[in-house]
Amino acid sequence: MTKSGRGLIKTLLMSATILTAAPAWGQDSENSDVNERLDRLEALVNNLIERLDAKEPANQGTSLSGDAATARQAQQALQAARALAERTAAVEQKVAEQAVATQQVAEKSDEANGFNVGKTRVTYGGYVKLDVISERTSGGQVASSSIARDFLIPGAIPVGGESSGFDTDFSARQTRFFLKTETDVGDDHKIGSHIELDFMVTDGGDERISNSFAPRVRQAYITFDNWLFGQTWSTFQDVSALPEAMDFIGPTPGTVFDRQPMIRYTRGGLQIALEQPETTITTPTGARIIAGDDSLPDIVVRYNHTGDFGHLTAAAIGRVLRVNEDDFGLIDDSTIGYGLSLSGKLNIGERDDFKFMATAGEGLGRYIGLNIVNDAAVRDDGSLTPIATYSGFLAYRHFWSDKWRSTISGSYFKADNPVLLTTGLVTDESWNVFGNIVYSPVAPLDIGIEYMYAKRQIEDGASGNLQKVQMSAKYKF
């Protein structure tokens with residue numbers, strides 16, 4: 001055989017060797033492409049072997065020349081490459097089948113939280129929570145039936161009375177449940193709804209026999225593309241900035257907290273909303289009245305900025321506060337309320353976070369700290385003067401391990417009451433601090449304990465404090 005013929009055989013042998021190893025590092029190649037190349041190489045080798053066999057002398061017997069032996073080796077390498085390619089294809093087919101099976105399991109797992117009704121997908125969730133609360137107050141006894149025994153209400157901390165002992169209550173009232181729907185209406189539109197219930201701040205049960213509290217609507221709204229219609233958290237409130245707490249809210253004196261009906265438009269990070277108006281007024285005796293004379297909605301503009309760092313939110317609100325002649329028998333009047341709130345969550349390290357909020361304005365009373373003070377006071381002639389407020393909180397959460405974490409937080413509220421119009425019995429300032437530790441033996445279950453200290457001071461200088469130890473168990477589903 002010529003030197004070029006031997007070179008061709010060596011090249012074919014090297015190609016067969018490469019193709020034999022190819023499945024180990026070239027699994028992304030198409031199997032059909034590998035088979036086609038093997039077919040071409042095998043045809044060339046078979047052709048060379050036929051030519052060599054035709055040229056071999058008859059007296060050589062079973063002994064092959066060096067060229068023929070090399071060609072036979074190339075043929076064997078090609079056969080081995082084809083067998084390995086077939087085994088590789090079978091393995092890849094099994095891997096693909098396993099991936100499909102895994103996807104099907106994931107889809108079935110996702111479907112476990114919901115079901116389909118025609119073109120509508122219905123999902124559900126919520127949590128079951130037990131709270132064990134032991135608290136004492138320095139300025140008077142909180143009645144057993146009072147909602148102030150279930151969570152911190154700064155404006156309800158007693159002042160000026162005798163200190164109480166520690167009162168202990170068990171409650172599952174914070175338990176909540178929600179249903180979500182999403183309907184395929186075509187034409188690139190998205191329509192959905194959210195209905196959420198719990199049992200807080202409702203009548204019905206008592207601690208003697210049944211503890212059977214009535215459910216209440218927390219949220220109920222419709223979404224259509226960028227629009228929201230219904231009741232949910234005020235656009236002025238940054239819910240995601242609230243720290244983890246055993247208490248129903250946590251940093252209550254320093255946070256915006258309000259749910260109400262609204263119409264909201266969202267585009268990217270920008271939100272604009274028209275929300276339910278409601279003016280609360282402090283009378284000359286320090287009492288609260290709700291005039292019910294509002295005619296223009298509260299207007300909120302908000303912008304959310306998110307990133308790897310966490311999120312930042314800025315919100316502004318404008319209000320028209322109104323009172324009519326029939327409220328005090330004097331005059332009809334209105335005044336402007338307004339405010340600005342900055343809040344956010346900053347990620348620290350791999351899992352820790354820092355949360356904050358700062359809010360200031362006039363006529364914001366019912367939006368801050370569960371209506372610690374009112375929106376406005378009434379002058380002698382029946383006209384209104386808005387009440388200025390300043391509030392905020394800070395909170396830091398640290399993960400000790402995958403299963404243990406803690407949050408510490410402090411909040412503060414200050415009102416600039418026109419004392420000559422409100423008396424000295426209204427709240428001047430309130431603050432609280434708390435710390436907790438939470439254990440999650442499995443992801444859906446949280447077991448925690450928290451200590452809280454809160455204080456309220458009224459304009460005449462009298463004050464009272466609250467101390468609370470709370471243990472909670474919560475299962476999210």
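In this predicted model, the count of salt bridges comes to 20. Side chains of opposite charge can pair when their charged atoms come close. Three of these pairs make a friendly way into the structure, and the pockets, a surface patch and two loop residues follow after them.

## Salt bridges

Here are the three pairs side by side.

| Pair | Closest N to O distance |
|---|---|
| Lys468 and Asp247 | 2.5 Å |
| Asp298 and Arg319 | 3.1 Å |
| Asp446 and Lys476 | 2.9 Å |

Start with Lys468 and Asp247, whose side chains meet in a salt bridge. This pair links distant parts of the chain, since Lys468 sits in strand S22 while Asp247 belongs to the loop between strand S7 (227-233) and strand S8, and 221 residues separate them. Are these two residues buried or exposed? Both Lys468 and Asp247 are buried.

Next come Asp298 and Arg319, which also form a salt bridge through their side chains. Asp298 is part of strand S12 (residues 298-307) and Arg319 is part of strand S13 (residues 310-323), so the bridge ties together parts that lie 21 residues apart in sequence. Asp298 is buried, and Arg319 is buried as well.

The last row of the table holds Asp446 and Lys476. Here strand S21 carries Asp446 and strand S22 carries Lys476, with the two positions 30 residues apart in this link of distant parts of the chain. How does each partner stand with respect to the surface? Asp446 has a relative accessible area of 9%, which is under 20%, so Asp446 counts as buried. Lys476 reaches 33% relative accessibility and therefore counts as partly exposed, a class that runs between 20% and 50%. The two residues also belong to a wider arrangement: salt bridges with shared partners join Glu244, Asp353, Arg397, Arg405, Asp446 and Lys476 into one network.

## Two pockets

Now for the empty space. Rolling a probe the size of a water molecule over the atoms shows where empty space is left.

The largest pocket has a volume of about 730 Å³. Its lining is made of 27 residues, and Tyr127, Arg176, Pro243, Phe248 and Lys474 are the closest to its centre. Which strands supply at least two residues each to this lining? They are strand S2 (120-137), strand S6 (216-224), strand S21 (445-458) and strand S22 (463-476). Strand S22 gives the most, with 4 residues. Sorted by class, the lining of the largest pocket holds 12 nonpolar, 5 polar and 10 charged residues.

The second largest pocket contains about 630 Å³ of space. Around it are 24 lining residues, with Arg216, Phe257, Asp258, Arg259 and Leu370 nearest the centre. Strand S6 appears again here, and along with strand S8 (259-267) and strand S11 (288-290) it supplies at least two residues to the lining. With 3 residues, S6 provides the largest share of the lining of the second largest pocket. This lining divides into 11 nonpolar, 6 polar and 7 charged residues.

## A nonpolar patch on the surface

Let us move to the outside. A nonpolar patch on the surface is formed by Ile222, Phe224, Trp227, Phe229, Ile263, Leu270, Ile272, Leu274, Ile299, Val301 and Tyr303, which together have about 930 Å² of accessible area. Strands S6, S7, S9 (270-275) and S12 each contribute at least two residues to the patch. One member to look at is Leu270, found in strand S9. Its relative accessible area is 36%, so Leu270 counts as partly exposed.

## Two loop residues with positive phi

Finally, two backbone details are worth finding in the model. Asp188 has a positive phi of about 65°, although it is not a glycine. Where is Asp188 placed? It lies in the loop between strand S4 (176-184) and strand S5 (190-198). With a relative accessible area of 80%, which is over 50%, Asp188 is exposed.

Asn211 is another residue other than glycine with a positive phi, in this case near 50°. Its place is in the loop between S5 and S6. Asn211 has a relative accessible area of 37%, so this residue is partly exposed.

Terms used: Residues are numbered from 1 along each chain as its sequence is written. This is a predicted model: local features need pLDDT of at least 70, side-chain atom pairs count only at pLDDT 80 or more; totals for chains, interfaces and linings use all residues. Side-chain values use heavy atoms; hydrogens and water are left out. On a 1 Å grid over the protein atoms alone, a cavity is a set of points where a 1.4 Å probe fits but cannot get out, and a pocket is an open set with protein on both sides within 12 Å along at least five of seven lines; lining residues have an atom within 4 Å of a point. Grid points are joined across faces, edges and corners, and a volume is the space filled by probe spheres set on the points. Ala, Val, Leu, Ile, Met, Phe, Trp, Tyr, Cys and Pro count as nonpolar, Asp, Glu, Lys and Arg as charged, and the others, Gly among them, as polar. A salt bridge is a side-chain nitrogen of Lys or Arg within 4 Å of a carboxyl oxygen of Asp or Glu. Buried means under 20% relative accessible area, exposed over 50%, partly exposed in between (1.4 Å probe, protein chains only). Patches are made of residues with over 30% relative accessible area and no salt bridge: like charges are joined within 9 Å, nonpolar side chains (Val, Leu, Ile, Met, Phe, Trp, Tyr) within 5 Å. Accessible areas come from the Shrake-Rupley method with a 1.4 Å probe; for residues, only the protein chains shown count as cover.
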